[in-house]
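Please open the structure in the viewer and keep the selection tool at hand. The tour proceeds by stops, each with something to select and something to find there.

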Amino acid sequence: MKKPNFDFARNRKDTSVETSEYIIAENLKNIGQNKKYFIKTYGCQMNEHDTENIKAILEQMSYTEIDKMEDADLILLNTCAIRENVHDKVFGYLGRIKHLKQTKPHVVAGICGCMAQEESVVDKILSKYKWLDIVFGTHNIHDLPNILDKALEKKELEVQVLSIAGNIIEGIPAKRVSKYKAWVNIMYGCDKFCTYCIVPYTRGKQRSRDKESIINEVKNLINQGYLEVTLLGQNVNAYGKDLDVSYGMAELLKEVALTGIKRVRFVTSHPWDFTDEMIEVIKDNKNIMPYIHLPVQSGSNNILKLMGRRYTREKYLELFDKIKKALPYSSITTDIIVGFPNETESDFNETLELVNTCKFDSAFTFVFSPREGTPAAKMVDNISLVEKENRLQELNILINKYSKEANDKYLGKTVPVLIEDYSQKNKNILMGYTDTMKLVNIVGDSKYIGTIQNVKITDIKTWSMDGEIVNEL
Ligand code: SAM
Ligand code: SF4
């Protein structure tokens with residue numbers, strides 16, 4: 001059994017990073033013959049992409065995917081630890097799985113992802129959820145065939161959660177959700193240690209992949225017909241800072257753009273590492289999309305300091321202005337946390353003012369959730385939950401107002417849209433995203449799926465737009 005350890009994560013500064021190649025033993029490739037798997041994913045794009053890896057590994061083991069949990073022989077929950085409410089959902093879902101296992105004892109069930117990296121969660125599983133079969137962490141995905149093999153053999157709970165600072169495993173296969181858009185990890189982990197955030201503990205030290213592996217992955221995706229890549233990391237602008245080279249995000253963005261892929265995106269950008277060179281590269285390369293997710297978290301310098309964000313409100317606004325001046329057409333979105341310990345009414349008003357200044361295209365907004373083991377969880381919190389909820393509501397009203405205003409500017413304009421699929425709500429309508437990441441529902445023939453078309457925007461909603469193809473590209 002290998003359990004997670006937060007003290008190790010906290011004190012890991014000088015630990016080295018090892019890179020190795022994914023392999024699966026021949027004798028494990030038939031384990032899933034005639035068996036079905038079901039996987040449920042919680043959390044961010046990083047988790048979604050991990051699920052793509054897990055699915056491909058399971059299919060190498062001959063498992064077949066199904067979308068009904070009750071019919072599965074193997075059930076996995078790929079979890080998120082960012083906020084407490086996901087924990088509640090996951091533990092709630094475990095109740096359903098336990099019930100199923102009572103009538104189908106052969107079913108193998110497990111938890112993986114960020115929650116599995118939390119000491120307190122693993123302790124809870126070991127005391128109250130011993131009927132689970134496997135628990136594995138974000139650093140152990142490549143080892144899933146062996147973990148599963150062991151669990152099936154032992155028929156008792158197998159916990160494999162490495163708390164290493166992190167490694168890099170190249171060549172893990174992926175069963176991608178889309179045939180046209182792909183996530184490409186450029187780095188793993190995070191070293192920023194914002195005081196509220198659990199990611200540096202659950203995902204380990206910042207490890208940048210070497211540029212050749214990234215460029216090769218993008219070139220392979222182009223050969224497979226992909227039109228868009230999203231370069232993925234918790235703090236992509238810090239790409240390369242952990243490597244002994246003078247090659248950073250600006251250089252990488254440029255090289256990825258030069259592969260000729262139609263669209264390049266990147267998430268998430270920490271304002272601290274966003275350089276002028278990056279702005280220039282985005283401006284100069286038309287296939288880098290004018291869409292920037294730039295989390296601000298708070299508009300108050302007191303709170304930003306308590307959060308350990310390393311920038312001030314003034315610095316954020318300066319960067320925001322610089323991006324908007326260089327890329328006036330770009331859309332900028334953000335993340336905001338309300339109700340951080342000791343956030344006063346006046347701190348909160350500063351956040352509202354910042355939103356009034358930036359008029360973000362949209363934002364993810366959250367009530368602060370104390371994460372055990374992080375410094376902010378130990379701060380005395382003097383704001384009631386009702387007050388926090390009220391602030392969130394007030395903020396959301398403002399955010400929605402500016403989202404609608406930003407969308408309104410598109411009415412009657414013609415914009416490029418990557419048409420991805422049928423709309424989930426209406427199979428007679430197609431859906432896709434503009435270069436600026438606006439969701440568009442389009443009347444059109446299915447032959448356009450998997451192409452980029454000029455679409456005239458005919459109607460505006462708060463969260464989406466309607467449009468029609470004006471001239472076939
Ligand atoms: N790396 C990104 C950055 O630096 O902005 C953010 C990654 S985190 C997965 C996504 C968002 O979750 C954060 O931007 C933050 O707004 C929110 N978040 C993280 N920890 C939180 C907490 N303890 N309570 C509430 N929201 C949190
Ligand atoms: Fe978390 Fe992002 Fe801060 Fe890293 S930079 S600690 S992922 S909020």
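The stops below lead from two ligands to two groups of strands. The model is predicted.

**Stop 1: ligand 1**

Select ligand 1 and display the residues around it. The shell holds 16 residues, and the closest are Y196, Q234, Q297, D335 and S369. By class, seven residues of this shell are nonpolar, five are polar and four are charged.

Next, show the side chains of Q297, R309 and R83. An N or O atom in the side chain of Q297 is 2.7 Å from an oxygen atom of ligand 1. For R309, a polar side-chain atom lies 3.1 Å from an oxygen atom of the ligand. In the case of R83, an N or O atom of the side chain is 3.5 Å from an oxygen atom of ligand 1. How much of the accessible area of ligand 1 does the protein cover? On its own, ligand 1 has 570 Å² of accessible area, of which the protein covers 92%. Two elements, β15 (331-338) and β16 (362-367), give two or more residues each to the shell around ligand 1.

**Stop 2: the sheet with β15 and β16**

Select β14, β15 and β16 together. These three strands form an open sheet in the order β14-β15-β16, and their pairing is parallel. Because β14 (291-293) and β16 stand at the edges with a single partner strand each, one side of each has no neighbour in the sheet. On average, neighbouring strands of this sheet are turned by 10° against each other, with direction ignored.

Now look at the pair β14 and β15, which is parallel and has three bridges. Within it, H293 stands opposite T333 of β15. Add helix α11 (residues 313-326) to the selection: this helix packs on the sheet and touches β14 and β15. The direction of α11 makes about 160° with that of β15.

**Stop 3: ligand 2**

Move to ligand 2 and display its surroundings. Among the residues around ligand 2 are C190, C194, C197, H270 and R309. The shell divides into seven nonpolar, two polar and two charged residues.

**Stop 4: β17, β20 and β21**

Finally, select strands β17 (residues 414-422) and β20 (residues 451-460), which run antiparallel and are joined by six bridges. Here V415 stands opposite V455 of β20. Then add strand β21 (residues 465-471), which pairs with β20 in the antiparallel sense, also over six bridges. In this pair, I457 stands opposite G467 of β21. Which strands does the hairpin join, and through how many residues? The hairpin joins β20 to β21 through four residues.

Conventions: Residues numbered from 1 in each chain as written. Chains lettered and ligands numbered in written order. Predicted model: local features only at pLDDT ≥ 70, side-chain atom pairs only at ≥ 80, totals over all residues. Heavy atoms only, no water. Near = heavy atom within 4 Å. Polar contact = N/O pair within 3.5 Å; in protein donor to acceptor, adjacent residues only side chain to side chain. Areas by Shrake-Rupley, 256 points an atom, 1.4 Å probe, with all protein chains shown as cover. Nonpolar A, V, L, I, M, F, W, Y, C, P; charged D, E, K, R; others polar. Pairing = 2+ DSSP bridges. Axes fitted to C-alpha atoms, helices over the stretch in contact; angles between N-to-C directions. Contact = heavy atoms within 4.5 Å.
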